[in-house]
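Work through the exercises below with the sequence and the model in view. Each task is followed by a solution in steps.

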Amino acid sequence: MLPSSAHKGNQGFTLTEVLIIVVVVGILAAIAAPSFLGWYNRQKVNQALTKVQGALKESQREAIKKSKSCTVTLNTNIVTGDCLVTGDRDLNGVVLRRPDTMSAISFDFKGVTGNTGTVVLALPADSVQQKCLVLAPGVGIMRTGNYSDNDRTGYSASNCDTP
């Protein structure tokens, strides 16, 4: 056993040391918070884009597989379809903007669509984290990218920059 005089130097942290640690942690959190929020918002928009693209591809596959026409409806915050096996896709706060001609996208029994246009996904108050999906007519080829136009009313395929 140690003599009682050996324990006097090991009595914990002083108030000054604790305050310094709290200040340093606060500064690090203030520096990291904007980066984390930006990353989180990018992930939400990317996830919504994946849900929209997945619903379109699934509906196209099911149209071919079942030899019948399948339709996907693109609402501002949810994607529904009559052939979606996995159900509706909630976009979790991400807003979907599209021209009126793309409110419902139909695939025939060959997986061909007559719809064409650009869908833009973004958070309601964010014009920086915009993603886009361009649907080409015919066999329904899709491409995705970053939407570069800050005009929140347009849907131009030329503003969809693929990485």
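A residue is called buried under 20% relative accessible area, exposed over 50%, and partly exposed in between (1.4 Å probe, protein chains only). The model is predicted, so local features need pLDDT of at least 70 and side-chain atom pairs count only at pLDDT 80 or more, while totals for chains, interfaces and linings use all residues. Residues are numbered from 1 along each chain as its sequence is written, and side-chain values use heavy atoms, with hydrogens and water left out.

**Exercise 1. Describe the loop residue Ser-67.**

Task: Find where Ser-67 lies, and decide whether Ser-67 is buried or exposed.

Step 1. Ser-67 sits in the loop between helix 1 and strand 1. Helices (H or I, at least four residues) and strands (E, at least two) are DSSP runs, numbered from the N terminus.
Step 2. Its relative accessibility is 53%, so Ser-67 counts as exposed.
Step 3. Ser-67 is not a glycine, yet has a positive phi of about 50 degrees. Most residues other than glycine have a negative phi.

**Exercise 2. Treat Asn-92 in the same steps.**

Task: State the place of Asn-92 and its exposure class.

Step 1. The loop between strand 3 (89–90) and strand 4 (95–97) holds Asn-92.
Step 2. With 38% relative accessibility, Asn-92 counts as partly exposed.
Step 3. Asn-92 also has a positive phi of about 50 degrees, although it is not a glycine.

**Exercise 3. Describe the chain as a whole.**

Task: Give the order of helices and strands in the protein chain, then its spread in space.

Step 1. The protein chain has 1 helix and 9 strands, in the order α-β-β-β-β-β-β-β-β-β.
Step 2. The radius of gyration, taken over C-alpha atoms, is compared with a globule rule of 2.2 Å times the number of residues to the power 0.38. For the protein chain the radius is 25 Å, well over the 15 Å that the rule gives for 163 residues, so the chain is more spread out than a compact globule.
Step 3. Along the principal axes, the C-alpha atoms fill a box of roughly 90 × 40 × 25 Å.
Step 4. Thr-16, in helix 1, and Leu-91 are 75 residues apart in sequence and 48 Å apart in space, C-alpha to C-alpha. Thr-16 counts as exposed, at 53% relative accessibility.
Step 5. Of the 163 residues, 34% count as buried.

**Exercise 4. Find the nonpolar cores.**

Task: Which residues of the largest nonpolar core touch the most other members?

Step 1. A nonpolar core is a set of buried Ala, Val, Leu, Ile, Met, Phe, Trp, Tyr and Cys residues joined through side-chain atoms within 4.5 Å.
Step 2. The largest core has 25 residues, and Val-52, Leu-56, Leu-74, Leu-91 and Leu-121 touch the most other members.
Step 3. Elements giving two or more residues to this core include helix 1 (15–66), strand 1 (70–74) and strand 6 (117–122). Helix 1 gives the largest share, 7 residues.
Step 4. A second, separate core of 5 residues includes Val-120, Cys-132, Val-134 and Cys-160.

**Exercise 5. Place Gly-145.**

Task: Is Gly-145 buried or exposed, and which residues is it in contact with?

Step 1. Gly-145 belongs to strand 8 (residues 142–147).
Step 2. Gly-145 is buried, because its relative accessible area is 6%.
Step 3. Contact means heavy atoms within 4.5 Å. Leaving aside neighbours within four places in sequence, the contacts of Gly-145 include Gln-130, Cys-132, Cys-160 and Pro-163.
Step 4. Gly-145 and Gln-130 are 15 residues apart in sequence and 8.8 Å apart in space, C-alpha to C-alpha.
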